[in-house]
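Visitor: I would like to go through this chain with you, one topic at a time. Could we begin with its surface and then work inward?

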Amino acid sequence: MNVRQWHDSLAPRERNLVYVAAALVGIAVLYFGLALPLEHLHARQVARVEKKAADLAWMRQAAPRVAAIATRGGAAGSESLVVLVDRTGRESGLAGAVRDQSPNGTNGLRLRLEGAPFDAMISWLAGLQQQYGVNVSDATLDGGSAPGLVNASITLTHGAAAAP
């Protein structure tokens with residue numbers, strides 16, 4: 001006996017129960033297979049955004065202290081900005097993402113990064129600001145080829161002439 005014969009052999013009341021049970025199973029599959037995972041993904045994304053907002057607030061709070069250190073001469077010493085950016089970029093794992101560097105005035109540098117991990121780039125920029133008094137005076141970020149990667153045009157300035 002196949003499913004069609006079995007179905008036809010049921011009484012109308014039993015068929016209605018089968019339809020209701022099938023509908024409930026379908027709703028359960030949709031909920032547990034689609035809605036629940038999407039809800040979980042949304043909660044993770046909300047938590048990630050909140051963490052990034054907290055990081056940004058901390059960076060904004062630390063910016064005046066870094067600027068004060070830079071104006072007192074706490075910057076990189078005799079190391080040029082180009083050398084400093086190249087060295088710290090390699091240490092941060094961003095050497096493969098740097099596509100172009102060009103001077104910008106007497107104490108500035110323009111960079112082009114492609115396919116850079118966003119978190120590594122932000123940590124690197126924060127480290128440059130905190131440890132060497134290098135500020136981001138201008139930045140343009142675009143989504144990269146994969147989640148978490150960005151393309152960026154960044155102008156860095158060294159010393160007191162930069163505004164955080």
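**Surface, core and charged pairs**

Guide: A nonpolar patch of about 380 Å² lies on the surface, made by Leu30, Leu34, Leu38 and Leu41. Please keep in mind that this is a predicted model.

Visitor: Where is leucine 41 found?

Guide: Leucine 41 belongs to helix H2, which covers residues 12–71.

Visitor: And is leucine 41 buried, partly exposed or exposed?

Guide: Leucine 41 counts as partly exposed, because its relative accessibility is 36%, and buried would require a value under 20%.

Visitor: Let us step back. How many helices and strands does the chain have?

Guide: The chain contains four helices and four strands. Read from the N terminus, their order is α-α-α-β-β-α-β-β.

Visitor: Is the chain spread out or compact?

Guide: The chain is more spread out than a compact globule, because its radius of gyration is 28 Å, well over the 15 Å that the globule rule gives for 164 residues. Along the principal axes, the C-alpha atoms fill a box of roughly 90 × 30 × 20 Å.

Visitor: What percentage of the residues count as buried?

Guide: Of the 164 residues, 24% count as buried. The chain exposes about 10,500 Å², and carbon and sulfur atoms supply 60% of that area.

Visitor: What about contacts between residues distant in sequence?

Guide: Among contacts with a separation of 6 or more, 57% join residues that are 24 or more positions apart.

Visitor: Now the interior. How many residues are in the largest nonpolar core?

Guide: The largest nonpolar core has 19 residues, and those with the most contacts inside it are Leu113, Met121, Trp124, Leu128 and Leu156. Two or more residues each come from helix H3 (81–91), strand S2 (108–117), helix H4 (118–132) and strand S4 (149–158). H4 gives the largest share, five residues. As a general background, nonpolar side chains in soluble globular proteins tend to be buried together.

Visitor: Which residues does leucine 128 contact, leaving aside neighbours within four places in sequence?

Guide: With those neighbours left aside, leucine 128 is in contact with Leu84, Thr88, Gly133, Val134 and Leu156.

Visitor: Helix H3 came up. What can be said of valine 82?

Guide: Valine 82 lies in helix H3 and is partly exposed, with a relative accessible area of 41%. Apart from neighbours within four places in sequence, valine 82 contacts Gln101 and Leu109. Valine 82 and leucine 109 are 27 residues apart in sequence, and their C-alpha atoms are 7.2 Å apart in space.

Visitor: Moving towards the N terminus, is histidine 7 buried or exposed?

Guide: Histidine 7 counts as buried, because its relative accessibility is 15%. Histidine 7 is found in helix H1, residues 3–9. Not counting residues up to four places away in sequence, histidine 7 touches Arg15 and Tyr19.

Visitor: On to charges. How many salt bridges are there?

Guide: The count comes to six salt bridges. One of them joins aspartate 55 to lysine 51, where the closest N and O atoms are 3.2 Å apart.

Visitor: How are aspartate 55 and lysine 51 placed in helix H2?

Guide: Aspartate 55 and lysine 51 are separated by about one helical turn, because they are four residues apart in helix H2. Aspartate 55 is partly exposed at 28% relative accessible area, whereas lysine 51 counts as exposed at 51% relative accessibility.

Visitor: Which residues are linked in a network of salt bridges?

Guide: Arg99, Arg112 and Glu114 are linked in such a network. In one pair, the side chains of arginine 99 and glutamate 114 meet at 3.6 Å, N to O. Arginine 99 lies in strand S1 (residues 98–103) and glutamate 114 in strand S2, so this pair ties together parts that are 15 residues apart in sequence. Arginine 112 also forms a salt bridge with glutamate 114, and the closest N and O atoms of that pair are 3.8 Å apart.

Visitor: And the accessibility of those three?

Guide: Arginine 99 is partly exposed, with a relative accessible area of 48%. Glutamate 114 is partly exposed at 34%, and arginine 112 is partly exposed at 24%.

Key
Residues numbered from 1 in each chain as written. Predicted model: local features only at pLDDT ≥ 70, side-chain atom pairs only at ≥ 80, totals over all residues. Heavy atoms only, no water. Patch = residues over 30% accessible without salt bridge, like charges linked within 9 Å, V, L, I, M, F, W, Y side chains within 5 Å. Areas by Shrake-Rupley, 256 points an atom, 1.4 Å probe, with all protein chains shown as cover. Salt bridge = Lys/Arg side-chain N within 4 Å of Asp/Glu carboxyl O. Buried < 20%, exposed > 50% of the residue type's maximum accessible area, 1.4 Å probe, protein only. Core = buried A, V, L, I, M, F, W, Y, C linked by side-chain atoms within 4.5 Å. Contact = heavy atoms within 4.5 Å. Rg over C-alpha atoms; globule rule 2.2 N^0.38 Å.
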